[in-house]
Amino acid sequence: MNVMRTAMLLAFMTALFMGIGFLIGGKGGMMIALVIAAGMNLFSYWNSDKMVLSAYHAQEVDAQSAPEFYLMVQSLAANAGLPMPKVYIYDNPQPNAFATGRNPENAAVAASTGLLQSLTHDEVAGVMAHELAHVQNRDTLIMTITATLAGAISMLGNFAFLFGGNRGNNSNPLGFIGVIVAMVVAPFAAMLVQMAISRTREYSADRRGAEICGKPLALASALSKIAGTARQVPNYEAERNPATAHMFIINPLSGERMDNLFSTHPNTDNRIAALQQMAGEFRGDIGGGGSTGQSSAARPQRSARSVPNSGSDSRWGRSSNEPPKGPWS
């Protein structure tokens, strides 16, 4: 089903790209846009994850450079039955995280330094479990390709005047009006696609992420904290790359421009309410002998594969007098 959805999205984005090309340059512009879109689709499949990670200057970490964080992701991936993804940290004060990659075998998860500094151990685990849920649901390919193509469509709209503003250009059947339409429609259409992609997947990732980490309320608390600071602490890389906004667990944009008119994510309060209801279902399942009807396969695993945390007073499994081991400390 996800393969079909990805194919349909690529077809739609290609058609949209061709339509903008037609508005700017007529049939010739449409054919050029088709060639560009085909090349971008192929390039995005193999390289879009690298482009996104590079845009945020994310640095790969391992068990030596960031032991607490890396082992946390490793434990969560084992809980989910996933291959170990690559783990990245990017330097940004805004607490946030995203996942990328064309499939679970080639996935990566990234967290900001702000996330690791401002959230508790369980809250970070909830966030990373959410990102791993996107990997498991195979959302990352479609979300990453959408980011690449949406950015290209927005750029095409921004340069529409330059490409098609020549009054002597008779290849554009709508003339200057077509250029104006392209300038307005391109970024708007790209934004609508982003909204559709992210909003339909966040609830599912929240629920599966809560199952992976076993603590729905920790994820709910993390969402509340991230949403409360996302608009107060700017993410300048996201502002320069707004087409990637739908990839994050919470919209990273400040809302200073048209961002406040549209949302790439569902309402955070609704997501928190759903997780709180889920926590109640878990408690009822434990106390009522499975009366909620939840299958054992869907229940979070709580025992042998719990997220490592060696000390109750330690955020990352080290005592307060032990020197920091992670690059965020």
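Which residues make a nonpolar surface patch of about 330 Å²? In this predicted model, the patch is built from Leu42, Tyr45 and Trp46. One of these, Tyr45, belongs to helix H1, which spans residues 2-55. With a relative accessible area of 33%, Tyr45 counts as partly exposed, because that label covers values between 20% and 50%.

Next comes the sheet. Four strands make it up, and it is an open one with mixed pairing; reading across, the order is S1-S2-S4-S3. Strand S1 (59-61) and strand S3 (97-101) sit at the edges, so each of them pairs on one side only. On average, neighbouring strands in this sheet are turned by 30° against each other, with direction ignored.

Strand S4 (residues 107-112) is a handy place to see what "mixed" looks like. With S3, S4 pairs in the antiparallel sense, over five bridges. These two strands form a hairpin, and five residues lie between them. Two of the matched positions can be picked out by name: Thr100 stands opposite Ala108 of S4, while Ala99 has Val109 of S4 as its bridge partner. With S2, S4 runs parallel, again joined by five bridges. Here, Tyr90 is partnered with Ser112 of S4.

How many of the six residues of S4 are buried? The count is six of six, so S4 is mostly covered. Its side chains go two ways: Ala107, Val109 and Ala111 point to one side, whereas Ala108, Ala110 and Ser112 point to the other, and all of them are buried. Helix H2 (residues 67-80) lies across S1, S2 and S4. Relative to strand S2 (86-90), helix H2 runs at about 135°.

Now for the charged side chains. Searching the whole structure turns up nine salt bridges. One of them pairs Arg271 with Asp206, and their closest N and O atoms are 2.8 Å apart. Arg271 is part of helix H11 (residues 268-287) and Asp206 is part of helix H8 (residues 202-213), so this contact ties together parts of the chain that are 65 residues apart in sequence. Both Arg271 and Asp206 are buried.

A second salt bridge brings together the side chains of Arg207 and Glu281, at 3.1 Å from N to O. This pair also links distant parts of the chain, with Arg207 in helix H8 and Glu281 in helix H11, 74 residues apart. Are these two buried or exposed? Neither label fits: Arg207 is partly exposed at 33% relative accessibility, and Glu281 is partly exposed too, at 25%. Arg207 and Glu281 also belong to a network of salt bridges that includes Arg208 and Glu211.

A more local case is found in helix H10 (residues 236-240). There, the side chains of Arg240 and Glu237 meet in a salt bridge, at 3.7 Å from N to O. Because Arg240 and Glu237 are three residues apart in this helix, about one helical turn separates them. The two ends of this salt bridge get opposite labels: Arg240 counts as exposed, at 58% relative accessibility, whereas Glu237 counts as buried, at 15%. The reasoning is simply that exposed means over 50% and buried means under 20%.

Notes: Residues numbered from 1 in each chain as written. Predicted model: local features only at pLDDT ≥ 70, side-chain atom pairs only at ≥ 80, totals over all residues. Heavy atoms only, no water. Axes fitted to C-alpha atoms, helices over the stretch in contact; angles between N-to-C directions. Contact = heavy atoms within 4.5 Å. Patch = residues over 30% accessible without salt bridge, like charges linked within 9 Å, V, L, I, M, F, W, Y side chains within 5 Å. Areas by Shrake-Rupley, 256 points an atom, 1.4 Å probe, with all protein chains shown as cover. Salt bridge = Lys/Arg side-chain N within 4 Å of Asp/Glu carboxyl O. Buried < 20%, exposed > 50% of the residue type's maximum accessible area, 1.4 Å probe, protein only.
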